[in-house]
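Please open the structure in your viewer and keep the sequence panel beside it. The tour below suggests what to select at each stop and says what is there.

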Protein chains: 2
Amino acid sequence: MKKVSINDIAARLGVSPTLVSLALNGKGKEYRIRDEICKKVLDMAAELNYQPNTIAKGLRTGKTQTLGVIVADIANPFFGRLCREIETEAELMGYKVIFCSSDEDATRSKRQLEMLLQSQVDGLIISPPVGSNEQIQFLADAGFPYVLIDRYFPDIDSNFIIVDNFEASFNATNFLISKGYKRIGFLTINEDLVTMHNRTEGYLTAINNSDLKIGDTLLTKLPFSHDGKDVRQAIMDLLQREGKIDALIFSSSKIGLMGLEAIADIPLKVPQDIAIVSFDDPDSFKICFTPISAIAQPLSEMGKRSVQLLVQQIKKRKKTETTEKVVLKTEFIVRKSC
Amino acid sequence: MKKVSINDIAARLGVSPTLVSLALNGKGKEYRIRDEICKKVLDMAAELNYQPNTIAKGLRTGKTQTLGVIVADIANPFFGRLCREIETEAELMGYKVIFCSSDEDATRSKRQLEMLLQSQVDGLIISPPVGSNEQIQFLADAGFPYVLIDRYFPDIDSNFIIVDNFEASFNATNFLISKGYKRIGFLTINEDLVTMHNRTEGYLTAINNSDLKIGDTLLTKLPFSHDGKDVRQAIMDLLQREGKIDALIFSSSKIGLMGLEAIADIPLKVPQDIAIVSFDDPDSFKICFTPISAIAQPLSEMGKRSVQLLVQQIKKRKKTETTEKVVLKTEFIVRKSC
DNA sequence: CTGAAAGCGCTTACAG
DNA sequence: CTGAAAGCGCTTACAG
């Protein structure tokens with residue numbers, strides 16, 4: 001496959017590569033190139049099936065029209081759908097995207113960040129793992145265009161798109177309280193992510209504002225690395241407390257999926273034995289043994305806004321002085337599980 | 001963010017860029033550069049936090065260490081997990097990847113293919129939509145490295161990785177027959193994809209080899225564009241045939257998910273009212289009202305093999321004369337739905 | 001209206 | 001052992 005370049009077209013036509021470049025880029029008018037010549041160039045390009053080499057262009061212009069995205073795992077339904085939204089919006093705005101899954105591992109994300117920077121991406125959308133603070137600080141200091149998504153670091157001034165996790169958690173907990181549930185458990189992970197922290201705080205605040213005298217006794221934090229067995233064990237523990245739980249909130253779809261598998265296996269009947277609410281809203285919750293009430297995040301808006309915010313930043317020549325912090329609302333979808 | 005180049009290092013050290021390039025690429029020994037100089041270069045690179053510009057390298061060498069992937073939709077659990085496997089294996093082999101979702105639209109995939117080619121990807125992994133035959137033929141004619149995945153075009157000699165869809169479908173149908181089900185429906189889409197075709201053939205062959213005298217009367221093909229309502233309607237139709245269906249096979253997880261939602265809504269009890277088997281095995285099938293028996297594809301192996309096969313092709317300088325056609329086995333996972 | 005020249009940041013013969 | 005030069009395929013002042 002011999003690739004045809006701008007020079008080939010120029011040679012065939014006996015004109016300069018400059019002219020070909022100008023004509024091809026629609027700058028014919030601007031540079032007052034004769035229409036007739038312009039047309040000849042376009043025709044020849046079509047005839048030779050000319051495909052511009054975008055990396056050569058990128059090297060010259062310093063813009064690659066490529067975005068880098070780092071999320072925890074593109075196979076996870078939450079991030080997969082988010083990535084899809086990002087892809088679609090990016091395509092609309094003329095960007096392609098390189099996706100990376102960090103597995104919430106700061107070492108991996110650091111390697112991926114370096115790779116993306118070396119690939120000369122124009123900007124980054126990142127869901128930063130615990131411990132990646134310096135990586136983000138580096139971007140901030142360098143004035144490199146980036147947008148954080150799903151989480152942020154309170155001590156680093158960044159553009160970010162998140163949802164109001166505190167409120168979502170607070171409302172869901174209050175909903176359960178209003179339904180008469182007395183012993184409401186909360187299952188989360190022991191991480192320093194603000195996202196998870198805020199979800200826990202929302203739950204605890206609702207509990208402490210209520211007449212339920214349970215404090216944080218039904219709050220369980222799973223270790224950072226956990227699997228289905230750990231989740232099952234945690235649920236068993238909550239069931240064996242004096243006055244076992246009558247409702248349980250999962251702080252993410254990942255935990256929720258594992259938790260529901262355990263619950264089906266124990267088995268417990270939902271909502272008779274236990275009421276369930278989970279963060280996120282993967283397809284599975286709709287066809288679950290009992291459809292699960294869910295705190296759905298506005299994935300489409302999150303994806304779109306993050307790309308828009310990023311591209312806006314890329315386009316701006318001077319470093320932006322003020323960062324934009326977008327906090328979106330979640331939607332509480334009540335199904336039969338409570 | 002001033003980027004530091006090989007020339008900056010050379011200037012600082014008073015040596016030539018050639019030397020720096022050689023040292024940085026570990027060719028010091030090969031070119032008998034003094035160890036001492038090599039070390040100085042490496043130290044200076046570290047000190048200046050030098051990041052090689054991979055697109056400049058790509059322009060010069062003709063290799064970008066980038067793979068292009070086109071699937072139907074990265075948010076679809078099947079393709080999302082497949083992409084994740086591809087990402088991981090590609091990273092291991094030193095490649096980054098640009099993912100595109102074609103939505104099974106040949107016009108979109110054509111645009112994406114052009115974009116990827118213009119981006120100088122070293123190779124492509126494609127799940128080609130109906131009607132994209134010429135796009136694939138073009139790659140084949142050009143001798144461009146590519147691997148098809150999940151489907152292929154019988155009349156184009158390509159490398160591909162698929163599963164044995166006929167056998168999977170044949171076995172699953174026979175399993176239902178052996179369990180005593182008499183009126184086994186099959187819900188698929190009216191597409192010309194071999195994958196879907198083979199699944200249908202497997203079903204029909206099993207039915208026709210049996211004593212069940214149903215022929216293709218319980219085979220329903222949905223229109224190319226279908227939504228939950230169409231699926232629901234199709235199931236209602238099958239239930240209203242004289243001697244309604246007692247078992248139903250879904251030919252993909254996408255249809256399965258919509259079908260199960262309809263079944264929960266009608267409502268039908270699984271497996272009492274109807275037994276269910278579905279192709280693919282998303283998480284949701286495990287926590288479904290009744291866990292669903294599934295035909296699981298070896299996603300990890302598919303992803304890994306496709307990358308390996310592709311990279312092997314890229315590395316080979318001469319065009320490969322023989323293509324490799326990999327047909328993997330599926331795993332039939334029996335759960336409570338039948 | 002059009003072209004020659006420089007340069008983006010690399011690598012790779014080639015020469016000495 | 002090391003450097004000068006060319007070139008990958010573009011774009012962009014600059015000159016005429």
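Begin by selecting A:Pro271, which sits in the loop of chain A between α11 (253-265) and β9 (275-279). In this predicted model, the peptide bond that leads from A:Val270 into A:Pro271 is cis, with omega near 0 degrees. Most peptide bonds are trans. Now move to chain B and select B:Pro267, whose place is in the loop between α11 and β9 (275-279) of that chain. Here a cis peptide bond joins B:Ile266 and B:Pro267, and its omega is about -10 degrees.

Continue along chain A to A:Asp280, which lies in the loop between β9 and β10 (293-296). Although A:Asp280 is not a glycine, its phi is positive, at about 70 degrees. Is A:Asp280 buried or exposed? Because A:Asp280 has 23 C-beta neighbours inside 10 Å, it counts as buried, the threshold for that class being 20 or more. Select B:Asp280 next, in the loop between β9 and β10 (293-296) of chain B; the phi of B:Asp280 is near 70 degrees, again a positive value in a residue other than glycine. B:Asp280 is buried as well, with 23 other C-beta atoms within 10 Å.

Now step back and show chain A as a whole, which contains 12 helices and 12 strands. Its C-alpha trace spans about 90 × 40 × 30 Å along the principal axes. The radius of gyration of chain A is 26 Å, whereas a compact globule of 338 residues would have one near 20 Å. Of the 338 residues in chain A, 45% are buried. Among the contacts in chain A with a separation of 6 or more, 68% are between residues 24 or more positions apart.

With both chains displayed, turn to the relation between them. Chain B can be laid on chain A by a turn of 180 degrees with a shift of 0.0 Å along the axis, and the RMSD is then 0.0 Å. That is the relation of a two-fold axis. The same surface serves both copies, since 100% of the contact residues of chain B recur in chain A. To find the rotation axis, select B:Phe289, which comes closest to it of the residues of chain B, with its C-alpha at 1.4 Å.

Next, colour the contact between the two chains, to which chain B gives 43 residues and chain A gives 43 residues. On the side of chain B that touches chain A, at least two residues each come from α4 (54-61), α5 (77-92), β2 (96-101), α6 (106-118) and α11 (253-265). Which element of chain B supplies the largest share of that side? The answer is α5(B), with 6 residues. By class, this side of chain B has 22 nonpolar, 12 polar and 9 charged residues.

Stay with the contact but select α4(A), where A:Thr54, A:Ile55 and A:Gly58 are buried. They cover an arc of only 100 degrees around the axis, which puts them on the same side of α4(A). An α-helix has 3.6 residues a turn, so residues three or four places apart point the same way. The buried residues of α4(A) pack against α4 and α6 of chain B. Just after α4(A), select A:Gly62, which takes a positive phi of about 80 degrees.

A short detour leads to A:Arg108, in helix α6 (residues 106-118) of chain A. With 17 C-beta neighbours inside 10 Å, A:Arg108 counts as partly exposed. Apart from its neighbours within four places in sequence, A:Arg108 is in contact with A:Ser102 and A:Asp103.

Finally, show the DNA, starting with strand C. Around DNA strand C there are 26 residues, of which A:Thr18, B:Ile6, B:Ser21, B:Asn53 and B:Ala56 come nearest. The largest share of the surface near DNA strand C, 5 residues, comes from α4(B). That surface divides into 12 nonpolar, 8 polar and 6 charged residues.

Then select DNA strand D, which is surrounded by 26 residues, the closest being A:Ile6, A:Ser21, A:Asn53, A:Ala56 and B:Thr18. At this strand, α4(A) gives the most to the nearby surface, with 5 residues. The surface near DNA strand D also receives at least two residues each from α2 and α4 of chain A and from α2 and α4 of chain B.

Definitions and conventions. Residues are numbered from 1 along each chain as its sequence is written. Chains are lettered from A and ligands numbered from 1 in the order in which they are written. This is a predicted model: local features need pLDDT of at least 70, side-chain atom pairs count only at pLDDT 80 or more; totals for chains, interfaces and linings use all residues. Copies are superposed by least squares on the C-alpha atoms of residues with pLDDT of at least 70 in both. Two residues are in contact if their C-beta atoms, placed from the backbone, lie within 7 Å. Helices (H or I, at least four residues) and strands (E, at least two) are DSSP runs, numbered from the N terminus. Ala, Val, Leu, Ile, Met, Phe, Trp, Tyr, Cys and Pro count as nonpolar, Asp, Glu, Lys and Arg as charged, and the others, Gly among them, as polar. A residue is near a molecule or strand if its C-beta atom, placed from the backbone, lies within 6 Å of it. The radius of gyration is taken over C-alpha atoms; the globule rule is 2.2 Å times the number of residues to the power 0.38. A residue is buried if 20 or more other C-beta atoms lie within 10 Å of its own, exposed if 12 or fewer, and partly exposed in between; C-beta atoms are placed from the backbone. The arc is that of the directions from the helix axis to the C-beta atoms.
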